[in-house]
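Please look over this structure with its side-chain pairings in mind. Where do its parts come together, and which backbone features stand out?

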Amino acid sequence: MTLNSGIFSFFIASLINLGMTPTQPIPSSYQPIDAINGAGLYKQIIGDGNEAYLQVIDLGKIQIDQLVGEVTSRGIDEGKYYQGEGKYDSPFFKMKLFSEVSDEYQKLDADSVFTIINCSFFEQYQSSSQLSFPIKLNGTVITGGSSPYGPIAQPKDKFYRNIHLKALVWDDNSAYITDYNPATGAPLSDRSVKNAIVSYQYSDHPAKVFGGNQKNRYHLISTLDKDGINGDELLLIMTVNKATIDEAADLLRKLSVRGDIITIDGGISTYLFNGRVGNITLPQSVNLKDNPEFRSLPHYLGFRYRSKKNM
């Protein structure tokens with residue numbers, strides 16, 4: 001497995017053409033921040049200081065890019081979940097400052113960028129980090145995962161020994177969330193799957209299991225059908241800045257979501273950037289001695305127009 005080096009390594013996961021109307025309209029309590037042909041960003045004030053940001057992404061008109069720092073160390077035999085290429089492979093990815101990521105991403109075409117969010121959980125607050133769970137990108141499993149809070153024989157807590165991690169998979173027509181099989185690597189081991197991330201079902205997040213479900217910042221993701229035909233063509237992303245994880249999931253349920261809901265990295269790492277208004281939610285410093293705006297992360301998702309012709 002060879003990854004490009006340089007300022008930033010861009011791995012592009014392509015999606016194509018569908019419309020963008022959910023099965024039910026967006027409630028009027030969600031005020032539009034930005035809307036393009038294929039995506040909408042909305043804000044709702046929940047109360048008690050909580051702001052909820054909803055993204056509705058039409059997979060047919062918006063391209064998803066996985067933005068990953070270059071590999072600094074292979075870390076062979078340190079992964080715990082899937083023997084991807086003959087050996088467990090949990091490499092270290094360079095951490096990238098959010099402002100550097102947004103600057104580089106907009107160089108692709110500033111007018112086409114809709115949003116950027118942080119994505120994968122990671123293991124180390126250092127210059128490079130392993131990613132917690134498996135990722136497949138452009139047909140290649142780039143990491144097997146490394147979190148001790150996962151389905152291994154001796155996890156940090158017995159709750160996670162038999163946990164069912166979830167995989168978000170997207171292709172040219174739709175997206176779906178399904179169980180991840182740590183023994184076989186499915187669905188990432190399926191040749192037809194080109195891009196996927198593995199993460200927690202929201203109810204299995206350590207903040208809920210161990211942290212008393214306290215209010216915090218979270219990203220939650222689910223999928224939604226738009227046309228009544230088999231397959232979910234819409235990706236829904238809910239970002240909250242002061243809510244329990246159950247409250248955030250309930251916001252998605254009220255938008256007709258009936259299937260699985262996953263969490264991605266949140267808390268102090270929560271990042272939401274919009275191409276029109278700029279930074280909305282910034283990562284916080286893990287160390288009070290650090291510059292409070294200096295936060296680097298190893299893996300992001302970017303959303304942009306597939307073609308200017310659709311604008």
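The report below goes through aromatic pairs, nonpolar cores, salt bridges and backbone features in turn.

**Aromatic pairs**

This is a predicted model. It holds 11 aromatic pairs. Take Phe-98 and Tyr-271. Their ring centres are 5.3 Å apart and the planes meet at 45 degrees, so the pair is tilted. The angle is neither under 30 degrees, as stacked would need, nor over 60, as edge-to-face would need. Phe-98 belongs to helix H1, residues 98-109. Tyr-271 sits in the loop between strand S18 (262-264) and strand S19 (272-274). The two residues are 173 residues apart, and the pair links distant parts of the chain. Phe-98 is buried, at 4% relative accessible area. Tyr-271 is buried as well, at 0%.

Another tilted pair is made by Tyr-160 and Phe-210, with ring centres 5.8 Å apart and planes at 50 degrees. Tyr-160 lies in the loop between strand S12 (140-143) and strand S13 (166-170). Phe-210 lies in the loop between helix H2 (206-209) and strand S16 (216-224). The pair therefore ties together parts that are 50 residues apart in sequence. Are the two rings' residues buried or partly exposed? Tyr-160 is buried, with a relative accessible area of 0%. Phe-210 is partly exposed, at 41%.

Tyr-160 and Phe-210 also belong to a cluster linked by ring pairs. The other members are Phe-121, Phe-133, Tyr-149, Phe-159 and Tyr-200.

**Nonpolar cores**

The largest nonpolar core has 45 residues. Which members touch the most other members? They are Ile-57, Ile-116, Leu-168, Leu-235, Tyr-300 and Phe-303. Leu-235 shows what such contacts look like. Leaving out residues up to four places away in sequence, Leu-235 touches residues including Gln-55, Val-56, Ile-57, Leu-59 and Ile-64. Its contacts also include Leu-168, Ala-175, Ile-221 and Phe-303. Ser-222 and Thr-223 are touched by Leu-235 too. Apart from the largest core lies another, of 22 residues. Among them are Leu-54, Tyr-218, Ala-248 and Val-257.

**Salt bridges**

The model has 13 salt bridges. Three of them are listed here.

| Salt bridge | N to O distance |
|---|---|
| Arg-304 and Asp-65 | 2.5 Å |
| Asp-246 and Lys-208 | 2.9 Å |
| Glu-247 and Lys-215 | 3.2 Å |

Start with Arg-304 and Asp-65. Arg-304 is in strand S22 (residues 299-305) and Asp-65 is in strand S5 (residues 62-68). They are 239 residues apart. Both residues are buried.

Next come Asp-246 and Lys-208. Asp-246 is in helix H3 (residues 245-253), and Lys-208 is in helix H2. They are 38 residues apart. Asp-246 is partly exposed, with a relative accessible area of 30%. Lys-208 is partly exposed, at 27%.

Helix H3 also holds Glu-247, whose partner Lys-215 is in the loop between H2 and S16. This pair spans 32 residues. Glu-247 is partly exposed, at 37%. Lys-215 is partly exposed, at 40%.

Salt bridges that share partners form one network of Glu-70, Lys-94, Lys-96 and Glu-100.

**A buried serine**

Ser-174 is in the loop between S13 and strand S14 (175-179). Why does Ser-174 count as buried? Its relative accessible area is 16%, and buried means under 20%, so Ser-174 falls in that class. Not counting residues up to four places away in sequence, Ser-174 touches Leu-59, Val-169, Gly-231 and Asp-232.

**Backbone features**

Most residues other than glycine have a negative phi, and most peptide bonds are trans. Some residues here go the other way. The peptide bond joining Ala-186 and Pro-187 is cis, with omega about 5 degrees. Pro-187 is in the loop between S14 and strand S15 (195-201).

Asn-213 is not a glycine, yet has a positive phi of about 55 degrees. Asn-213 is located in the loop between H2 and S16. Asn-213 is buried, at 17% relative accessibility.

Ser-256 has a positive phi too, near 80 degrees. Its place is in the loop between H3 and S18. Ser-256 is buried, at 12% relative accessibility.

Conventions. Residues numbered from 1 in each chain as written. Predicted model: local features only at pLDDT ≥ 70, side-chain atom pairs only at ≥ 80, totals over all residues. Heavy atoms only, no water. Phe/Tyr/Trp six-rings, centres within 6.5 Å; stacked < 30°, edge-to-face > 60°. Helix = DSSP H or I, 4+ residues; strand = E, 2+ residues; numbered from the N terminus. Buried < 20%, exposed > 50% of the residue type's maximum accessible area, 1.4 Å probe, protein only. Core = buried A, V, L, I, M, F, W, Y, C linked by side-chain atoms within 4.5 Å. Contact = heavy atoms within 4.5 Å. Salt bridge = Lys/Arg side-chain N within 4 Å of Asp/Glu carboxyl O.
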